[in-house]
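Subject: Structure handover

Hello,

Here is the structure I said I would pass on. Please have it open while you read the notes below.

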Amino acid sequence: MPSYFQFVLTLMNGLTYGALLFVIASGFTLVFGLMRVLNLSHGAIYLLGGYVGYTASTTVSQLLARSVPALHQAAGGGFGWLLGVLAAAVAGGLVALVLQRLIRNVHGDLAQTLLTLGLAITIGDLCLWIWGGLPLTLDAPDAISQPVRIAGIPYPGYRLFVIGFAVLTGVGLYLLLFRSQLGRIIRAGVDNREMVAAVGINIDRLFLTVFILGGALTGVSGAIGGTYLAFQPGTDFDILTVALFVVVIGGLGSLLGSSVGALIVGLIDSFGRAYFSELAIFLLSGTVILVLAFRTQGLFGRAN
Amino acid sequence: MSAELLAVDDLHVYYGSAHVLQGISLTHRGGVLGLLGRNGMGKTTLARAIMGLVPVNGGTVSVGGRAITNRPPHRVALEGVGYVPQGREIFPSLSVHEHLQMLSGRRKARGGDGWTLQGVYDMFPRLRERHNVSAGHLSGGEQQMLAIGRALLTNPSLLIMDEPSEGLAPVIVDPLIDKLRALADSGMAILLIEQNLRMATAVADQLLIVSSGRIEASVAPKELEDDDQLQHDLLGVTMKA
Amino acid sequence: MTTTPSFSDKRAGDAAAATDSLHGRLRAISARRVRRDLLLGLLVLVPAALYPLVGSTFHVQLLTSGLITGLVAMSFSLLAGFSGMVSLAQMAFYGIAAYVVAIGGQTYGLPPLATVPLGLLAACLLAALFGLIAVRSSGIYFLIMTLALLQMFFGVAMQWQSVTGGYNGISGITRPELFGLSLRDAVPLYLLTLAVSALAYVGLRWLLQTPFGLSLQGIRDRPERMRALGFRVQLHRWLLMILSGLVAGMAGILGVYYHGVVSPDVAGLTASLLPLLAALVGGVSSLVGGLLGGIFITVLISVVSAQMQQWFNSSHYWTVIGIFFMAVVIYCPNGVFATDSRIRVLLARALGRRGGDDADTAQQRR
């Protein structure tokens with residue numbers, strides 16, 4: 001019976017991690033698809049989202065506990081956490097704004113990508129400077145952290161929330177891309193930036209919008225992910241790594257690819273760690289190499 | 001005479017060290033102005049330079065009296081220049097309807113009602129039949145209709161068309177000529193870039209011959225059509241095979 | 001129909017003749033340049049070798065570290081500048097050579113005579129493996145592939161604890177003796193590093209003016225043309241990738257002896273930024289630029305970290321280096337000394353000379 005228990009738990013963990021990875025990777029792939037810029041500061045924005053979310057949520061919770069204890073009790077820490085997530089979105093959006101303004105001065109995909117590397121290093125070091133090197137997590141609100149029984153096994157409610165959030169994000173992005181005016185323009189821009197400009201659309205503003213959207217989503221994922229996975233210096237590189245693996249497996253620029261890639265990476269990571277311990281990384285690397293060797297554009301990517 | 005719709009003055013464009021446009025000047029006051037010339041003579045570069053898609057190294061471009069030299073493409077489009085590029089450049093990820101939906105109502109026409117989605121469908125009924133089809137799956141002629149419809153929805157006062165007949169079978173070129181003629185008769189000013197002598201002479205009111213980045217001559221279509229020797233001198237080709 | 005074969009034969013013959021004469025001319029030009037550069041090189045090398053007589057141990061170590069970074073930068077420029085492949089994986093080649101030397105020496109007690117060649121071999125093999133995957137793509141996709149491969153190397157180094165020592169890596173690597181001189185002293189290690197750098201540079205310069213090197217540059221500028229002329233483009237790229245792996249591997253071995261420790265951090269983002277920055281500062285189309293850039297960056301970091309300590313009582317010099325990196329990408333994408341470098345333009349203007357025109361035309365050319 002313990003093996004059944006372990007299997008279900010590993011499966012659930014893999015799904016949860018995959019769900020988080022999908023949210024992380026969707027911003028990454030959206031920006032790449034439109035602008036052909038690989039945002040290497042993506043992991044750093046995730047980390048910053050975690051830190052900002054942590055500071056905002058703990059500060060608000062403390063203030064609330066001191067001034068209106070009854071409300072704080074009733075909300076079960078929900079206010080602080082929610083504000084933390086919002087603050088993370090703002091922080092991520094702001095960094096994206098700065099990055100886009102910088103990138104406008106640089107020509108060529110490669111130089112633009114290198115610029116994001118410089119920003120990644122700067123943000124990573126600034127975070128270390130401000131928040132120090134200790135691992136941190138945000139406190140989940142009581143309302144969404146009660147254990148839920150799944151297939152007879154109690155599972156942390158917050159992790160189910162993460163899965164739900166990822167599904168909502170996916171649906172939201174789908175509606176945005178395929179059912180809205182902005183989405184039509186974004187998809188047209190992915191096909192042919194020049195012609196989008198030539199029919200009177202300000203491509204610079206479009207890039208800014210998408211960049212900020214991607215940055216805010218990444219910041220949010222930092223706060224939401226940082227509520228169940230501890231973050232610390234180095235998390236930025238780890239997150240960039242898995243995000244890249246997800247989009248390389250799934251295909252750059254494809255939302256469907258991101259979701260499939262995220263599930264594959266999440267499950268391999270979870271089962272690898274549970275059943276193969278230190279060799280798990282070979283499982284993941286091997287998958288990436290296999291995909292790259294036989295399908296350079298990823299499972300759902302367009303040939304470049 | 002009405003105000004200049006388009007004025008290009010002594011335009012120079014370089015690609016690296018190649019001097020592609022070597023001082024082109026032209027004015028467009030309405031009707032259909034044709035630019036005729038062989039491949040590689042700088043016709044497409046001229047269109048792209050007007051649209052702001054390639055940097056201009058010297059000279060000026062103005063639309064309706066307002067300078068647009070080296071303005072970003074979307075500003076040029078908002079000044080009322082519609083662009084039907086060479087190769088059509090439709091968006092393969094969008095359906096026909098999405099192409100038109102994306103642009104309808106974005107830019108108001110200067111006076112009058114302006115183009116609507118339905119107006120484009122009325123002009124090209126074929127597009128209405130194919131409205132749910134992904135643009136990447138359209139035939140060349142259908143793509144050309146879509147590219148024209150897309151440009152019309154920006155409510156241009158001047159339409160630049162770069163080789164609309166390229167790669168189309170003669171049986172498709174003929175109705176296209178009729179459509180362009182009808183468009184011109186409705187008052188749309190067109191700058192028509194062509195290699196196809198038949199199309200250019202059938203649609204244009206006046207023809208400019210471009211060679212090696214310069215305007216070589218200005219002729220009436222009728223004159224060129226009837227004079228094989230002139231065709232040969234200016235273009236190195238004749239209509240008779 | 002019968003005329004077609006002879007026609008194409010003639011064309012192929014013409015093309016071959018054209019490339020032959022082009023090769024000949026280019027060769028003559030580059031041979032002249034090589035002679036000039038060798039002379040210049042001696043003028044630099046002799047004072048550099050004599051530097052320890054006047055410099056402090058600290059400065060000698062700084063130069064050693066700078067040259068090591070410079071070697072990796074050179075391996076980067078070799079790919080980026082001479083075949084247009086922007087690789088982020090160079091520190092993986094550095095890393096595997098360092099790990100092989102460390103594991104061979106510490107875990108298995110092998111002598112450097114065995115571990116050093118093994119380390120270089122490992123770097124070449126890894127580069128060959130990465131190359132098989134990456135050379136099929138180009139531009140931004142090549143960069144993505146190499147980054148993914150770098151991250152795989154990082155992940156393996158971090159998680160394969162029983163072999164690599166995990167997060168802490170392997171430490172306590174002692175420097176061997178060479179010609180009776182212990183490399184434990186700063187000066188012999190410096191001289192060795194200098195000699196390796198100079199040899200690698202001269203070797204690569206020689207290689208780039210051979211037909212192999214010239215066709216590489218042809219492939220960079222006109223891949224389709226070269227393919228049409230019958231050159232095996234991917235094979236050339238793959239061989240160049242292995243070569244760059246070898247150079248980065250040399251740096252890795254010098255690095256592991258210099259630091260005495262190797263950990264997954266060698267393949268982290270920050271460590272990978274350094275040679276990139278060095279190559280960018282020196283100009284990616286120049287090999288010697290990478291070496292000079294390496295020294296420049298190492299000295300810069302030393303100065304910045306000292307100043308950060310003094311002004312802010314902070315050890316966070318990476319913030320400054322990251323900003324500096326962005327500034328280089330924005331203002332001097334072709335190197336600080338390139339004609340279109342805004343620093344150079346500003347200097348020229350300050351000196352009352354015309355530099356702006358050069359810069360403008362260079363911008364247009366891109």
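The notes below cover confidence, the contact between two of the chains, a record for chain A, and the fold of chain B.

Confidence. Please keep in mind that this is a predicted model. Its scores are ipTM 0.91 and pTM 0.87. For chain C, the mean pLDDT is 82, with 83% of the residues at 70 or more. Among the elements of chain C, helix 3 (residues 90-106) has the highest mean pLDDT, at 95, and helix 15 (residues 356-365) the lowest, at 38. Residues 1-15 of chain C have pLDDT below 50, and beyond near neighbours in sequence this stretch has one contact in the model. Residues 353-366 of chain C also stay under 50 in pLDDT. For residues 353-366 of chain C, the model has 17 contacts beyond four places in sequence.

Chains A and C. The contact between these chains involves 38 residues of chain A and 38 residues of chain C. On the chain A side, the elements that give two or more residues are helix 5 (109-131), helix 10 (235-250) and helix 12 (280-294). Helix 5 of chain A gives the most, with 16 residues. By class, the side of chain A that touches chain C has 25 nonpolar, nine polar and four charged residues.

Record for chain A. An unreviewed UniProt entry lists these residues of chain A under "transmembrane region": 15-38, 45-65, 77-99, 111-131, 158-177, 206-231, 243-268 and 275-294. I looked at two of these stretches in the model. Residues 15-38 of chain A are 88% helix and 0% strand, with the end C-alpha atoms 26 Å apart. Over residues 206-231 of chain A, the chain is 77% helix and 0% strand, and the C-alpha atoms at the ends are 32 Å apart.

Chain B. The secondary structure of chain B consists of 10 helices and 10 strands. Its radius of gyration is 17 Å, close to the 18 Å that the globule rule gives for 241 residues, so chain B is as compact as a globular protein of that length. The C-alpha trace of chain B spans about 45 × 40 × 40 Å along its principal axes. Of the 241 residues in chain B, 44% are buried. Among the contacts in chain B between residues at least 6 apart in sequence, 67% join residues at least 24 apart.

Regards

How values were computed. Residues numbered from 1 in each chain as written. Chains lettered and ligands numbered in written order. Predicted model: local features only at pLDDT ≥ 70, side-chain atom pairs only at ≥ 80, totals over all residues. Contact = placed C-beta atoms within 7 Å. Helix = DSSP H or I, 4+ residues; strand = E, 2+ residues; numbered from the N terminus. Nonpolar A, V, L, I, M, F, W, Y, C, P; charged D, E, K, R; others polar. UniProt positions renumbered as here; feature names shortened; annotations may be inferred. pLDDT = per-residue confidence, 0-100. Rg over C-alpha atoms; globule rule 2.2 N^0.38 Å. Buried ≥ 20, exposed ≤ 12 C-beta atoms within 10 Å, placed from the backbone.
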